[in-house]
Every structure is written in structure tokens, then in C-alpha cells.
Amino acid sequence: MAKIENGRQSADSRSIRTISSSHMDDESSLGSDSEMNGFTNDRHTDKYGFIGGAQQYSEESAQDVPPEVLRQREVKWLDMLSNWDKWMVKRHKKVRLRCQKGIPPSLRGRAWLYLSGGKVKREQNRGKFEELDSQAGDPKELDVIEKDLHRQFPFHEMFVSRGGHGQKDLFRVLKAYTLYRPEEGYCQAQAPIAAVLLMHMPAEDAFWGLVQICEKYLPGYYSAGLEAIQLDGEILYALTRRVSPITYRHLEKHKIEPILYMTEWFMCAFSRTLPWASVLRVWDMFLCDGVKIIFRVGLVLLKCMLGTREKLNACQGQYETMELLRTIEPRYMQEGFLVREVLDVPISERDVESEHHVQLKRWRKNRGELHWKSPPRMHGARAIMASEPPSRQDLRQNPTIIVESPLPAPQLQKREKKGKEEKKSIKKESMKKTPPVTEIPNPYNLPGDPHQQHTRMHHCQVL
């Protein structure tokens, strides 16, 4: 039952789960088999893998990067990934700037794994995912996971088919996490997080990415009672007062709990709310700079939807306000607009932590101690790397494609030896003294060339 605290309605953890689950189920019904039959034959897959739905690519919601710019960014990112520890220690501001500009699609999965610390975690726990993957798992947890599979991005080609490779990998990742953290178990909001990761990397990498997000970026979000998300809701509410006082007063007037509108935003890291181009840009910044990006996105949407008198005249009550926040205007979620606004929000990790201490103190006064002791939150890639210093071996890039030679080992060694000898002989030949080359005058010298001036002088003397 709802309680009244600080003049506002407070929802308990059970009602939060109901709100979150019912909203997800409403949207997820679009992915049923009866509705999907024949769907793929009528539509083209966009560049993100969507065959329909609100998150499908459109020119209005995204901004395309010219191919030549994309190639330049790929070269820069390849260099960074090859020397990741040096870049993070000495040139972290440059890494952040490049994340803000957008990670090249071809390298996004690898970059996310490095930013989150998932690469280091995987290298330090080799064989762990295979071990978890081979175990049976808790039947109760598996039953809930199985029911959620078809609800995750039903319009994406990876997850459109029941029993397809995308759903199978999603099941493996979520099951492995319940075995990795049995005390935490499975939470429905983890599924879209894992699904986004799977769109960009193999199952094992996605598993370690999920571990890092659950334990470092959003600790306590998916634990029983959902106390961490309630606490962050209070932090968002307090920060709203600083960023948009008119929005804050409206929410306070109608006693609208933050947990009613921000649960899915934060727990799913906006993966179910924004157009896909915007989701990817938000995640690029989120995995670099941490949860402050999630707070900033939430503040931008609240300010844009409720930050003017004209907007507030259209929503005179709690119901109208909630409907407005459930249907964000597309122009406010457009990739270019949203990223610019997010970068302009004057909220830092220090502000988030400062408000966290204030709200935690208030929580303990009104409700007592937190039941779930979550690990400290890490604000981005640099903090994670500092807390778990990697070795050069942990950051070494493995080849994505390995071609085995059809030749037997002795023949292969013989060929390699022959190749080395040929290289040595070529090097010796090149080192031999070559006769001087006679200079041939260039008839097309540029103006001001010394040789051209000398030729002109000689010509005048002859004349």
C-alpha cells in the first residue's frame, strides 16, 4: 500500500515492480508469434537491425556521419584500443570527447567492453562463463527468464524469432548471471540491458558487460526491494529543483513520485525509451562517464516536457502529467538535439554523490537502514580502471578471425624458415653500394625553384 512521505505519495517495492512490469508487458505484446507472422517479408531491416517499431531508424531521429569522417574516427579508436591503459591515464579527456562524438559502429562493441571494464573482467575470469553456461540453473528463475525472452526488442532481427539465436544467447547470459549472483537473482529490467549488449558482442562479452553495469554502474538497481532505484529517484527529484524549478514545483504540486516515471528510464538505461540512434549515443557517454549521463538525460526530458507554462497548461493533473511523460515528443529525443542538451546540463558526479549522501541520510531517518548493501558506485570507465588496475595481458586484443594453415607443422616451419632467409638476402642486396644517379632536369619546375632560375640564367648567357 502507498505511504505518504514528505507530502508526496511513496510507492513500495512491490508496486514499483508492478508498474515497471505492466508497462513492459503492454509494449512487449507486439512481439507475439501471431503478430509477427509474415512481418519480415513486408519490411526492410534498417542499419541497426530493426524491421519496424518506434525505434526503427529515420532521418528525423538520427544524424548520419559522412563515410570519410567515420573512417578517420575508426583509425583513432583503433589506436586508442591498442594503447588503452595509456590513453585512459594520460588522455582521458580525449577519450571522453570521442565518446561524446559517437563511437564508430564497427568498433562500438569492443569499445563498450573496454570502457566498462568487461574486457579485463573476462581475462581475469577465463572459463567462468563456460562453467556457468554448462550449469542447469534455478528452475524458478529460468521459467521467468523464458517468459521474458520474446518481450525484448521484438522488432529487432536478432530477437524476432522464438528460439532464434538471439533469444538463445539472451537466455544463456541471463541464466549465467543468476548463477554468478544467486543472492541477487534475475530482474526483468536486466533483459533489455543484456539484449543491447548482445546486439554488439558475443554472449560471453555481453555477460561480462552486464556484470559490470549491474555491479559498477548501477549497483543495487536489480536487487530485491529495488531500494537503489528508489534512492536515485529521490536524487533525480532533488536535481530537478536545481535544473528546472518550474518542473519541480509541478511535480510537487501534484505529488507525483519520481519512481512512477523514472523506473524504466533508469533501470533500462533508456534503451526502451529513445530512438535507437539516441540510445547508442547515450550508452557511448554512459559507459564512459557513468550514471551522471542517465541523470542528465532524465533531467533533459523532464525539462523539455514540463519546463514551460504552455506545457503545464496541457497537464492539469497527475494522470495528464504521467501520460505526457510516457509519450515524449520525438523532437526532444532526436540524436543531435538530445546529445547537445545532455552535455549542457550542469550536473557532475560530485553533484550526484553529494545529493546521494543527503537522500541516504533522509532515507535512514524515515525508513531505517537499507536492506541491501550494494557496492559503491563507480562513475565511469576511469574510476573502474583505477579500482581494478589491468595488466597489459588483460588489455591485449585477440584476433577476431583465426585461419588455420592447411600445411602440416614441419612443412609450415620449413616455409617460414625459407621466407626469413629470402628477407635477409633482399636486405643485403639493398645495402650494397649503388652507382650515383645522374640528375635529370625537371622541365616542369614550379616558380621559384632554384634549378629553374639557374637554367634561365644559363639560357640568357647563351643568347
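**Notebook: helix H15 and its surroundings**

I began with the packing of H15, whose buried residues (buried meaning under 20% relative accessible area, exposed over 50%, partly exposed in between, with a 1.4 Å probe and protein chains only) pack against H14, helix H16 (259-267), helix H18 (292-306), helix H19 (309-313) and helix H20 (318-326). I kept in mind that this is a predicted model, in which local features need pLDDT of at least 70, side-chain atom pairs count only at pLDDT 80 or more, and totals for chains, interfaces and linings use all residues. Residues are numbered from 1 along each chain as its sequence is written, and side-chain values use heavy atoms, with hydrogens and water left out.

I then listed the buried residues of helix H15 (residues 245-253) and found Ile246, Thr247, Tyr248, His250 and Leu251; helices here are DSSP runs of H or I with at least four residues, numbered from the N terminus. After H15 comes Lys255, whose phi is positive, near 50 degrees.

Next I looked up Thr240, which lies in helix H14 (residues 227-243) and counts as buried because its relative accessibility is 2%. Leaving out residues up to four places away in sequence, I noted that Thr240 touches Pro245, Thr247, Tyr248, Leu299 and Leu302, a contact being heavy atoms within 4.5 Å.

Last, I turned to Leu226, in the loop between helix H13 (203-217) and H14, and recorded that Leu226 counts as buried because its relative accessibility is 3%. Leu226 and Trp372 stand 146 residues apart in sequence, yet their C-alpha atoms are 8.7 Å apart in space.

Technical notes. Helix = DSSP H or I, 4+ residues; strand = E, 2+ residues; numbered from the N terminus.
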